[in-house]
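Grab a pencil and let's work through a few exercises together. Try each task yourself before you read the solution.

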Amino acid sequence: MAGNVGLLSSTLAAAKEENRAALVGYLPAGFPSVDGGVPAVTAMIEGGCDVVEVGLPHSDPVLDGPVIQTADDIALRGGVKIKDVIRTVGEAHAATGAPVLCMTYWNPVDAYGVERFAADLAAAGGAGCILPDLPVEESGVWRAAAEEHGLATVFVVAPSSRDERLAKITEAGSGFVYAASLMGVTGTRESVGREAQGLVARTRATTDLPVCVGLGVSNAEQAAEVAQFADGVIVGTAFVKRLLEAGDDLEAGLAGVRALAGDLAAGVRKRG
């Protein structure tokens, strides 16, 4: 079974046709529990996310700030396995029809087996992978497997990326480009760095792929700000916070996730 890279591309294109940015939500699998992770991801789509990223929890998530690290730790202590991550992707896609990607560091994929991971993710209906710590120069084996199985390979670019480096990264990627809005780790911030707009412009000069901005967006106002210049707005930490604040009350957490998604979805539609 082929993956859903085509669905990802068409979903992002449809948002552009509507003259708006796409809303991309992120939650780690296995959070707030292995079984509760599926309705949590589904709730983001029900609330208004166009695309979702399911994180593969990692013991040393170098890109992630303390809130997502806390969620990863809860998921790992809850016994989440790679099969649960792939199941979360599959069940969320089956329930909503939306494109669902896996965001993961490279070591778990390598340990699981590159071909096996790509095949299993595609069979579940996954749309692709975001691989924040995989250098383009070392990505050939993964990209070959992803292309064979119909999966996007999304790379991360940062404000520190030089133009020639951006060109190399975007040439190798597919689906979209993940533009980190600032130097640092994920988390909510009072403002989204001014560097983000310049990074989007420099990235667009190298590729026709959509450019989606993440790291720091947490509310509708910030989503609207980023939507003025980006093809997509990526939000993760704010969703995790809603579930953490709900504690053991899963239904309250799901309601919070849906409400936040609705607010953010309204924000990305506020293009001047």
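**Exercise 1.** Work out how helix α2 and helix α4 are oriented to each other, and which residues make their contact.

*Solution.* Keep in mind that we're looking at a predicted model. Start with the geometry: α2 covers residues 37–47 and α4 covers residues 82–96, and the two pack at an angle of about 40 degrees. Their axes are 9 Å apart. Next, pick the right word for that angle. Roughly parallel needs an angle under 35 degrees, and roughly perpendicular runs from 65 to 115. An angle of about 40 degrees fits neither, so α2 and α4 are oblique to each other. The handedness comes next: this crossing is right-handed. Now list who touches whom. From α2 come Gly 37, Val 38, Val 41, Thr 42 and Ile 45. From α4 come Arg 87, Thr 88, Glu 91, Ala 92, Ala 95 and Thr 96. Finally, sort these residues by character, and you get five nonpolar, four polar and two charged.

**Exercise 2.** Do the same for helix α11 and helix α12.

*Solution.* Here α11 spans residues 237–246 and α12 spans residues 250–268. They pack at an angle of about 155 degrees, with axes 8 Å apart. Anything over 145 counts as roughly antiparallel, so that's the word for α11 and α12. Their crossing is right-handed. On the α11 side, the contact uses Ala 238, Phe 239, Arg 242, Leu 243 and Ala 246. On the α12 side, the residues include Ala 252, Gly 253, Leu 254, Gly 256 and Val 257. Sorted by character, the residues of this contact are 11 nonpolar, two polar and one charged.

**Exercise 3.** Find the buried residues of α11, say what covers them, and check what comes just after the helix.

*Solution.* First, the buried set: Thr 237, Ala 238, Phe 239, Val 240, Leu 243 and Ala 246. Second, the cover: it includes the strands β1 (22–28) and β9 (232–235), along with the helices α2, α3 (66–77) and α12. A helix rule is handy when you look at such a list: an α-helix has 3.6 residues a turn, so residues three or four places apart point the same way. Third, step off the end of α11, where Gly 247 takes a positive phi of about 60 degrees.

**Exercise 4.** Decide whether Asn 4 is buried or exposed, and name its partners.

*Solution.* Locate it first: Asn 4 sits in the segment before α1 (5–17). Its relative accessibility is 17%, and the cut-off for buried is under 20%, so Asn 4 counts as buried. Now for partners. Setting aside neighbours within four places in sequence, Asn 4 is in contact with His 93, Gly 125, Gly 126, Ala 127 and Gly 150. With His 93 there's a side-chain link too, a polar contact of 3.3 Å.

**Exercise 5.** Place Ser 161 and Ala 224, and say whether each is buried or exposed.

*Solution.* Ser 161 is in the loop between β6 (156–157) and α8 (163–172). With 12% relative accessibility, Ser 161 counts as buried. Beyond neighbours within four places in sequence, Ser 161 is in contact with Leu 166 and Arg 202. Ala 224, on the other hand, belongs to helix α10 (residues 220–227). Ala 224 has 12% relative accessibility, so Ala 224 counts as buried. Not counting residues up to four places away in sequence, Ala 224 touches Gly 267 and Lys 270.

Technical notes. Residues are numbered from 1 along each chain as its sequence is written. This is a predicted model: local features need pLDDT of at least 70, side-chain atom pairs count only at pLDDT 80 or more; totals for chains, interfaces and linings use all residues. Side-chain values use heavy atoms; hydrogens and water are left out. Axes are lines fitted to C-alpha atoms, for helices over the stretch in contact, and angles run from 0 to 180 degrees between N-to-C directions. Helices (H or I, at least four residues) and strands (E, at least two) are DSSP runs, numbered from the N terminus. A crossing is left-handed if the near helix is turned anticlockwise from the far one by less than a right angle, and right-handed if clockwise. Contact means heavy atoms within 4.5 Å. Ala, Val, Leu, Ile, Met, Phe, Trp, Tyr, Cys and Pro count as nonpolar, Asp, Glu, Lys and Arg as charged, and the others, Gly among them, as polar. Buried means under 20% relative accessible area, exposed over 50%, partly exposed in between (1.4 Å probe, protein chains only). A polar contact is a pair of N or O atoms within 3.5 Å; within protein, one must be able to donate a hydrogen and the other to accept it, and residues adjacent in sequence count only if both atoms are side-chain atoms.
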